[in-house]
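Student: I am new to this structure. Can we go through it by asking how each label is earned?

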Amino acid sequence: MKRALFLGCTVPVRARNYEMAARQTAALLGIEFIDIPGFTCCGFPVKSNAYTFSQMMSLRNLALAEEKDLEIVVLCSACTSMLAEANHKFRKSAQYRDHVNALLRKINRSYSGTVRIKHFSRMLLEDVGIDTLRKHITFDLGNISLMPHYGCHYLKPSEIHGEFDSPEDPKTLDMLIEVTGAKTVDMMGRKHCCGGALLASDNRLTYRLAAEKLHMASTSNADALCLVCPFCGVVYDDNQKLIENELEQIYQIPVLYYPQILGLAFGLDPKHLGFKLNKVKTKTFLSKLYGDMADE
Amino acid sequence: MNSKDIIDLDRSNLSFAVEVSTEPGGENIFRCFACGTCTAGCPIARTDSRFQPSAIIRMVILGLREQVLWHDAIWLCAGCYTCQERCPQGVNIADLMMALRNIATREGYAPEPYHVQLNLLLEKGCLYEIDDFDNKKRVKADLPEIHIDARELRILQEKLLEELD
């Protein structure tokens, strides 16, 4: 199974633990990731101030994948929805397609609309399948509980994600967690927005929004949050200390990316799954699985 | 935004909503029947009273162009799409906020971080530059090096700006 791996801006610099774990688990499942050197940002950060350009950024990335006849798999939820939305709009209007291709010709490229885009978690469910995941599981995570965090763009706008998961009552991340043997903590707030989009312009608003989720997690019996988007990680993990200071609270909730969880269940070494790069320390979490032998 | 003054329709710009409806994302604004479902489920409205999507839609329809475009409120939407999923009238509210921001940008009201991001993308092709130091860290983590080239992006942007002229 070959896929073009789309990293976007955040993953390669600020969520290398996510990338390491995704590459490790994919390799074990026989998925071959192709890194396309010409990929850039998806365009999402400038949708608000340069909408047409942002769409062209996505479509240029899609053109690169089409040149190699590859489907795209994405680790970031915002990139997933940005690329999928540009593709959706491109497919809907012949007039728009002509305009886009007239522009792409200026850089000696073209796009016909054939590329499929999936979030890595969705690919694990739909293209690999729960049964195959189960066959690779060698280490039981039965004594840990995780709070799934779906975030926004993994599910919404549902119009561009097709028949996938319900934005009001999502189940897919719970299914992916449960196959590892770990328990899920089911409570309000699983679909909360992390507020990451406002971090650059109004970080205190982001902190107040993120604090709601961290408070829920810390007062539940969850051992960690489980994420599928690197920007949610920037908010909940990288900024957790600042949120604690701002709100005068202590949460100390480890924030893990789903492939890190899956990798543990596959029996992979936490070192190879980037656990040392997690900002909120995972020592207590790991010692719950491995006893006090765990050195991080 | 929350001014208690009576709205003087003689001073409003009633073509504003038409302008918004021709901007990508603003197409369905006239479908709004003011039920307030968007604001009721909005995580930002719950956290910060400056932002109420239903109020912004009403202000657009009433032609309060400057008040909408100058005010911070349109920049507070987190783009979570909760409202858009739930709107019974199919007003694409998150996309509508995006449309308003693009109009505001053309009028010179975009907050500084947005300009910075656009310049970064045109210069580097990504938000966080990956330099030799980052690539060393990547190689150490057994990840491939990344070198991004933004030349094609600059050409695309240049052609788009030519089209606008």
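**Sheets, interface and two odd spots**

Tutor: Start with chain A of this predicted model. Four strands there make an open sheet, in the order β6-β5-β7-β8, and they pair in parallel.

Student: What makes β6 and β8 of chain A edge strands?

Tutor: β6 (183–184) and β8 (255–257) of chain A each have a single partner strand, so one side of each has no neighbour in the sheet.

Student: How do you know that β5 and β7 of chain A pair?

Tutor: Pairing takes at least two bridges, so we look at the count. Strand β5 (residues 145–148) and strand β7 (residues 224–227) of chain A have three bridges, in the parallel sense. The cut-off is at least two, so they count as a pair. Opposite A:M147 stands A:L225 in β7(A).

Student: Which helix packs on this sheet?

Tutor: Helix α13 (residues 258–265) of chain A does, touching β5, β7 and β8 of chain A. Its direction makes about 75° with that of β8(A).

Student: What is the strand order in the other open sheet of chain A?

Tutor: That order is β2-β1-β3-β4, again four strands with parallel pairing. Its edge strands are β2 (32–34) and β4 (117–119) of chain A, each pairing on one side only. Neighbouring strands are turned by 40° against each other on average, direction ignored.

Student: Why are β3 and β4 of chain A called paired?

Tutor: Three bridges join strand β3 (residues 72–74) of chain A to β4(A), and the two run parallel. At least two bridges are needed, so the pair qualifies. A:V73 has A:K118 in β4(A) as its bridge partner.

Student: Which strands does helix α4 of chain A lie across?

Tutor: Helix α4 (residues 77–92) lies across β1 (2–6), β3 and β4 of chain A. It runs at about 160° to β4(A).

Student: Now the two chains. How many residues does each give to the contact?

Tutor: Chain B gives 52 residues and chain A gives 54 residues. The buried area is about 4,800 Å², and carbon and sulfur atoms give 63% of it.

Student: Why is the link between B:R86 and A:E168 called a salt bridge?

Tutor: The rule asks for a side-chain nitrogen of Lys or Arg within 4 Å of a carboxyl oxygen of Asp or Glu. The closest N and O atoms of B:R86 and A:E168 are 2.7 Å apart, so the pair meets the rule. Across the interface of chain B and chain A the rule finds seven salt bridges. The count of residue pairs in polar contact between the chains is 22.

Student: Which helix gives the most to the side of chain B that touches chain A?

Tutor: α10(B) does, with eight residues.

Student: What scores does the model have?

Tutor: It has ipTM 0.95 and pTM 0.96. Chain B averages a pLDDT of 95, and 98% of its residues score at least 70.

Student: Where is the cis peptide bond?

Tutor: A cis peptide bond joins A:K156 and A:P157, with omega about -5°. A:P157 is in the loop between β5 and α8 (158–161) of chain A.

Student: What makes A:Q252 worth noting?

Tutor: Phi of A:Q252 is near 50°, a positive value in a residue other than glycine. A:Q252 is in the loop between α12 (240–247) and β8 of chain A.

Methods
Residues are numbered from 1 along each chain as its sequence is written. Chains are lettered from A and ligands numbered from 1 in the order in which they are written. This is a predicted model: local features need pLDDT of at least 70, side-chain atom pairs count only at pLDDT 80 or more; totals for chains, interfaces and linings use all residues. Side-chain values use heavy atoms; hydrogens and water are left out. Axes are lines fitted to C-alpha atoms, for helices over the stretch in contact, and angles run from 0 to 180 degrees between N-to-C directions. Contact means heavy atoms within 4.5 Å. pLDDT is the predictor's confidence in each residue, from 0 to 100. Buried area is the accessible area (1.4 Å probe) that two parts lose on being put together, summed over both. A polar contact is a pair of N or O atoms within 3.5 Å; within protein, one must be able to donate a hydrogen and the other to accept it, and residues adjacent in sequence count only if both atoms are side-chain atoms.
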